[in-house]
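Please look through the sequence and the three-dimensional model shown here before reading on. The paragraphs that follow move from helix packing to the strands, then to the loops, and finally to the ligand.

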Amino acid sequence: MVSKNGQDNQRRMTMNTKKFSNSQRRSHLKTISAASALCCLLLVKAGAVETTIQSPTYLRDVLPIFMGSCSRCHNQETRFVYNWLDYKTAYADRWEIKRRVWDGWKGTYYKEAMPIANSPESLALTDAERLTIRQWVDGGSPRGVAPTNDSVKTKAERIELGHRLFTICAACHQATGRGLPNQFPPLASSDYLNADKSRAIKIVLYGRQGEVVVNGAKFNNNMPMFPLGDQDVANVLTYVYNSFGNAGLEVTPEEVKTVRAQGPDASVKSAPAAKSVFE
Ligand code: HEC
Ligand code: HEC
């Protein structure tokens, strides 16, 4: 328990957007199971990748799983359970995460396996995803994005890989791409997205703050930056451009590289940047 308190302090320092301490959450744990059972959810589930991922890394391989299968209960807003979605906290809690996701599920750890039994997430989590989390922990839990193999040649392959990464975006823009009024602008049939490919690349690379008008509706919020590699940015945006009634464009790693070299500008930073919880 001593180390848990130590982690609590670290969490307080690193997660300044958090409204509740983890000890407050813990005291409310009893209530959550019933509450979560009632809650209905649109499951965010990317296309299943059944092959084993070599040397999984947090941002590319593990965070999408957490976003899809864990973030409904473990997130910044919840007051009941631990929030470890940011890398630092996930790293600090990695052994318990592995025990819950892998050993608990195998029956060799006495505490409840995660995702919690009977939740829609527990039915949807695949063996390959459990294995990816276990390998991430055993492999030293790297944060970064492993060098992507650049064997992706066709647009169809790009879309398939991008679909998996889209779980990250769906946490805010929703699995339907329609966003949420006054909070997250739509990517579905977005005039803003479809008007300018370079600007869209820049937004994924650097995040976006300040006012933006999408399909006639005004938003003024923060999108965090995502430190993804050129391939991944190309793949996820190609997926978005070829889904949700969008223009069908392809984004290549070369284009991302060119835009990255230009650096951030006023089109993405019209207000001071908030610190990304994904850093
Ligand atoms: C339906 C809600 C729900 C979902 C989905 C869920 N959890 Fe949990 N989680 C809980 C609750 C409630 C507790 C506290 C009760 C307990 O300790 O068993 C908990 C506790 C934990 C703990 C122990 C506390 C800590 O932070 O050290 C870990 C680790 C954990 N969950 C990991 C996960 C992972 C990984 C996923 C996704 C694969 C996940 N959970 C999905 C509700 C959920
Ligand atoms: C943590 C929430 C969050 C996540 C995750 C997120 N975004 Fe955003 N996104 C936002 C917000 C908020 C805005 C509006 C920012 C503003 O007001 O300036 C936005 C704006 C955008 C825009 C420009 C407006 C539009 O709707 O066309 C694009 C394009 C975009 N995001 C793409 C993505 C992609 C692709 C991903 C995944 C790699 C992603 N976003 C992940 C919150 C998020």
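How are α11 and α12 oriented to each other? The axes of α11 (197-206) and α12 (230-241) come within 11 Å and cross at roughly 125°, and these two helices are therefore oblique to each other. Axes here are lines fitted to C-alpha atoms, for helices over the stretch in contact, with angles running from 0 to 180 degrees between N-to-C directions; angles under 35 degrees count as roughly parallel, over 145 as roughly antiparallel, 65 to 115 as roughly perpendicular and the rest as oblique. The crossing of α11 and α12 is right-handed, where right-handed means that the near helix is turned clockwise from the far one by less than a right angle, and left-handed that it is turned anticlockwise.

This is a predicted model, in which local features need pLDDT of at least 70 and side-chain atom pairs count only at pLDDT 80 or more, while totals for chains, interfaces and linings use all residues. Residues are numbered from 1 along each chain as its sequence is written, and chains are lettered from A and ligands numbered from 1 in the order in which they are written. Helices (H or I, at least four residues) and strands (E, at least two) are DSSP runs, numbered from the N terminus.

A second helix pair is formed by α4 (residues 58-69) and α9, whose axes come within 8 Å and cross at roughly 50°. The helices α4 and α9 are therefore also oblique to each other, but the crossing of α4 and α9 is left-handed.

The strands β1 (208-214) and β2 (217-223) run antiparallel and are joined by 7 bridges; two strands pair if DSSP finds at least two bridges between them. Within this pairing, Glu 211 has Asn 220 in β2 as its bridge partner, and Val 212 is matched with Phe 219 in β2. The two strands form a hairpin with 2 residues between them, and Asn 215 in the turn has a positive phi of about 50°. Ala 217 belongs to strand β2 and counts as exposed, with 12 C-beta neighbours inside 10 Å; by this count a residue is buried if 20 or more other C-beta atoms lie within 10 Å of its own, exposed if 12 or fewer, and partly exposed in between, the C-beta atoms being placed from the backbone. The C-alpha atoms of Ala 217 and Pro 181 are separated by 8.4 Å, although the two residues are 36 residues apart along the chain.

Another contact of this kind links β2 to the loop between α9 and α10. Asn 182, which is placed in that loop, is 38 residues from Asn 220 in sequence but 7.7 Å from Asn 220 in space, C-alpha to C-alpha. Asn 182 has a positive phi of about 65° although it is not a glycine, and Asn 182 is exposed, with 11 other C-beta atoms within 10 Å. Phe 244, in the loop between α12 and α13 (253-262), likewise is not a glycine and has a positive phi, of about 55°; with 17 C-beta neighbours inside 10 Å, Phe 244 counts as partly exposed. Elsewhere, a cis peptide bond with omega of about -5° joins Met 114 and Pro 115, and Pro 115 lies in the loop between α6 (94-106) and α7 (120-124).

The last feature to consider is ligand 2, which is surrounded by 30 residues, the closest being Cys 169, Cys 172, Pro 185, Asn 221 and Met 223; a residue is near a molecule if its C-beta atom, placed from the backbone, lies within 6 Å of it. At least two residues of this shell come from each of α9 (155-173), α10 (191-195), α11, β1, β2 and α12. By class, the shell around ligand 2 has 22 nonpolar, 7 polar and 1 charged residues, where Ala, Val, Leu, Ile, Met, Phe, Trp, Tyr, Cys and Pro count as nonpolar, Asp, Glu, Lys and Arg as charged, and the others, Gly among them, as polar.
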